[in-house]
Amino acid sequence: MNVIQVVYYSVMIASVLCGAAFKIGYELGKNSSQANKRNDRINTKK
């Protein structure tokens, strides 16, 4: 493998990992905000 292939594959692996991390973070953040809204609704009914 030459240097260009190493750089290419490194960038591809990094982009896949970053995409997965973004998707996981997005889903966790979305679920967290929904849980907060649900708790606020419950707390305001008292």
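Helices (H or I, at least four residues) and strands (E, at least two) are DSSP runs, numbered from the N terminus. The model is predicted: local features need pLDDT of at least 70, side-chain atom pairs count only at pLDDT 80 or more, and totals for chains, interfaces and linings use all residues. Residues are numbered from 1 along each chain as its sequence is written, and side-chain values use heavy atoms, with hydrogens and water left out.

**Exercise 1. State how many helices and strands the chain has, and what percentage of its residues is buried.**

Step 1. The chain has one helix and zero strands.
Step 2. Apply the burial classes: buried is under 20% relative accessible area, exposed is over 50%, and partly exposed lies in between (1.4 Å probe, protein chains only).
Step 3. Of the 46 residues in the chain, 0% are buried.
Step 4. Turn to area, taken from the Shrake-Rupley method with a 1.4 Å probe; for residues, only the protein chains shown count as cover. The chain exposes about 4300 Å², and carbon and sulfur atoms supply 66% of it.

**Exercise 2. Find the salt bridge and place its partners in the helix.**

Step 1. Side chains of opposite charge can pair when their charged atoms come close.
Step 2. The criterion is a side-chain nitrogen of Lys or Arg within 4 Å of a carboxyl oxygen of Asp or Glu.
Step 3. One salt bridge results. Glu27 pairs with Lys30, with the closest N and O atoms 3.5 Å apart.
Step 4. Both residues lie in helix 1, three residues apart, about one turn of the helix.
Step 5. Lys30 is partly exposed at 31% relative accessibility. Glu27 is partly exposed at 32%.

**Exercise 3. Classify the aromatic pairs.**

Step 1. Rings of Phe, Tyr and Trp (its six-membered ring) pair if their centres lie within 6.5 Å; planes under 30 degrees apart are stacked, over 60 edge-to-face, and the rest tilted.
Step 2. Two pairs are counted. The ring centres of Tyr8 and Tyr9 are 5.4 Å apart and the planes meet at 70°, so this pair is edge-to-face.
Step 3. Phe22 and Tyr26 are stacked, at 6.5 Å centre to centre and 20° between the planes.
Step 4. Phe22 and Tyr26 are four residues apart in helix 1, so about one helical turn separates them.
Step 5. Phe22 is exposed at 63% relative accessible area, whereas Tyr26 is partly exposed at 48%.

**Exercise 4. Locate Met12 and give its exposure.**

Step 1. Met12 sits in helix 1 (residues 3-44).
Step 2. Its relative accessible area is 37%, so Met12 is partly exposed.
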